[in-house]
Protein chains: 2
Amino acid sequence: MTLHTDLTRNQSLVLGALERAEGPISAYAILDELRTDGLRAPLQVYRALDKLLDMGLAHRLETLNAFILCAHPHEHTSEIIAFAICETCRQVWEFSDDTVRERLIAWTQAQDFRPSRTTMEIKGQCRKCAA
Amino acid sequence: MTLHTDLTRNQSLVLGALERAEGPISAYAILDELRTDGLRAPLQVYRALDKLLDMGLAHRLETLNAFILCAHPHEHTSEIIAFAICETCRQVWEFSDDTVRERLIAWTQAQDFRPSRTTMEIKGQCRKCAA
DNA sequence: ATATAAATGTTATAGCATTACATGGCGAAC
DNA sequence: GTTCGCCATGTAATGCTATAACATTTATAT
């Protein structure tokens, strides 16, 4: 459990729930976790999540409609992150690849497309679960 | 409008709606379009969409919760497709890049991860809308 | 102190997707 | 040609995900 002095109460609560989850967790599951702490409405969770995403402390997994703690919170270099998501054990691997980033940027530049956010998610089975 | 003799009635109707849409469209929007043809329940649309996705005739855009006609229905080579989605005009570009595919496959092989489906979506602004 | 921005609380609602169960059509095997 | 099994369909109900709208409180800066 890290210290996050710059976070508000709700943001800290949500971050704590993400840390305890140790994997992807939905906004509503976070809410259920935090009802004992006084949270009552989905919006309280979604608002905190929005900030955590902005700060790079959490990620949204589009194919799961779920959220996960950022594995490398201090590497803001790439901004293009890929996730491998095991459909069996739900474990998630976060990684980035410079070549992939270059190729995608090359495509967008060739098209004069200005990217704002990129989603890359590979679903499948991890080594353990495929064995 | 292409002929799709191997499709069932509902599948043909949904494919037609996708063709007319000329862009991403939600399952519920498809349903609204097809009420005049007798469709009444979301499940009728979702079941047809599932088949069209299997056949490679349509794609699901995870970041939009929407569906779109496949732009290259006969190129089943890559299976790793990227989408650029303009957040202003909602137009979608579908493309694939062999190098990106190779790098992602390299990562999964190094991790003994067996991919089943890969999602790549770049949101941003297209040339026209960014100007 | 006061203005301003940011965060919070609350209710209601909108939008997306699936479960469960019953029915119908159609081809293969016998 | 009937029976079996498979696939598609129809329908109702429900569950999950996310946001709109509005009122209030708290933090920050000057």
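**Note on a predicted protein–DNA model**

1. A polar side-chain atom of Thr8(B) sits 2.8 Å from a phosphate oxygen of DNA strand D. That is a polar contact, defined as a pair of N or O atoms within 3.5 Å; within protein, one must be able to donate a hydrogen and the other to accept it, and residues adjacent in sequence count only if both atoms are side-chain atoms.

2. A word on the model. This is a predicted model, in which local features need pLDDT of at least 70, side-chain atom pairs count only at pLDDT 80 or more, and totals for chains, interfaces and linings use all residues. Residues are numbered from 1 along each chain as its sequence is written, chains are lettered from A and ligands numbered from 1 in the order in which they are written, and side-chain values use heavy atoms, with hydrogens and water left out.

3. DNA strand D has 15 residues around it. A residue counts as near if one of its heavy atoms lies within 4 Å of the strand. The closest are Tyr28(A), Arg60(A), Thr8(B), Gln44(B) and Arg47(B). Of the atoms of DNA strand D within 4 Å of the protein, 43% are sugar or phosphate; the rest are bases.

4. Two side chains reach bases of DNA strand D. Tyr28(A) places a polar side-chain atom 2.6 Å from a base nitrogen of this strand. For Arg47(B), a side-chain N or O atom is 2.4 Å from a base nitrogen of DNA strand D.

5. Which elements build the surface near DNA strand D? Helix H3 (42-55) of chain A, helix H1 (9-21) of chain B and helix H3 (42-55) of chain B each give at least two residues. H3(B) has the largest share, with four residues. Helices (H or I, at least four residues) and strands (E, at least two) are DSSP runs, numbered from the N terminus. By class, this surface holds five nonpolar, five polar and five charged residues. Here Ala, Val, Leu, Ile, Met, Phe, Trp, Tyr, Cys and Pro are nonpolar, Asp, Glu, Lys and Arg are charged, and the others, Gly among them, are polar.

6. Now DNA strand C. Its surroundings comprise 15 residues, and Thr8(A), Gln44(A), Arg47(A), Tyr28(B) and Arg60(B) come nearest. Sugar and phosphate make up 45% of the atoms of DNA strand C within 4 Å of the protein. H3(A) supplies the largest share of the surface near this strand, four residues. That surface splits into five nonpolar, five polar and five charged residues.

7. Phosphate oxygens of DNA strand C have several polar partners. A polar side-chain atom of Thr8(A) lies 2.8 Å from one. For Tyr46(B), a polar side-chain atom is 2.9 Å from a phosphate oxygen. For Arg60(B), a side-chain N or O atom is 2.4 Å from a phosphate oxygen.

8. A sheet spans both chains. Its six strands form an open sheet in the order E4(A)-E3(A)-E5(A)-E5(B)-E3(B)-E4(B), with mixed pairing. Strands pair if DSSP finds at least two bridges between them. E4 (92-95) of chain A and E4 of chain B stand at the edges with a single partner strand each, so one side of each has no neighbour in the sheet. The twist averages 20° from one strand to the next. Axes for this are lines fitted to C-alpha atoms, for helices over the stretch in contact, with angles from 0 to 180 degrees between N-to-C directions.

9. The two E5 strands link the chains. E5 (residues 114-125) of chain A and E5 (residues 114-125) of chain B run antiparallel and are joined by 11 bridges. Thr118(A) has Ile122(B) as its bridge partner in E5(B).

10. Chain B also shows a hairpin. Its strands, E1 (residues 58-61) and E2 (residues 66-69), run antiparallel and share four bridges. Four residues lie between E1(B) and E2(B), and Asn65(B) in the turn has a positive phi of about 50°. Leu61(B) stands opposite Ala66(B) in E2(B).

11. Over all chains, the structure holds eight aromatic pairs. Rings of Phe, Tyr and Trp (its six-membered ring) pair if their centres lie within 6.5 Å; planes under 30 degrees apart are stacked, over 60 edge-to-face, the rest tilted. Trp107(A) and Phe113(A) make a tilted pair, 6.5 Å centre to centre with 55° between the planes. Trp107(A) and Phe95(B) make a stacked pair, at 3.9 Å and 5°. Trp107(A) lies in helix H4 of chain A and Phe95(B) in strand E4 (residues 92-95) of chain B, so the pair joins two chains. Trp107(A) and Phe95(B) are both buried, meaning under 20% relative accessible area, where exposed is over 50% and partly exposed in between (1.4 Å probe, protein chains only). Ring pairs also link Trp93(A), Phe95(A), Trp107(B) and Phe113(B) into a cluster.
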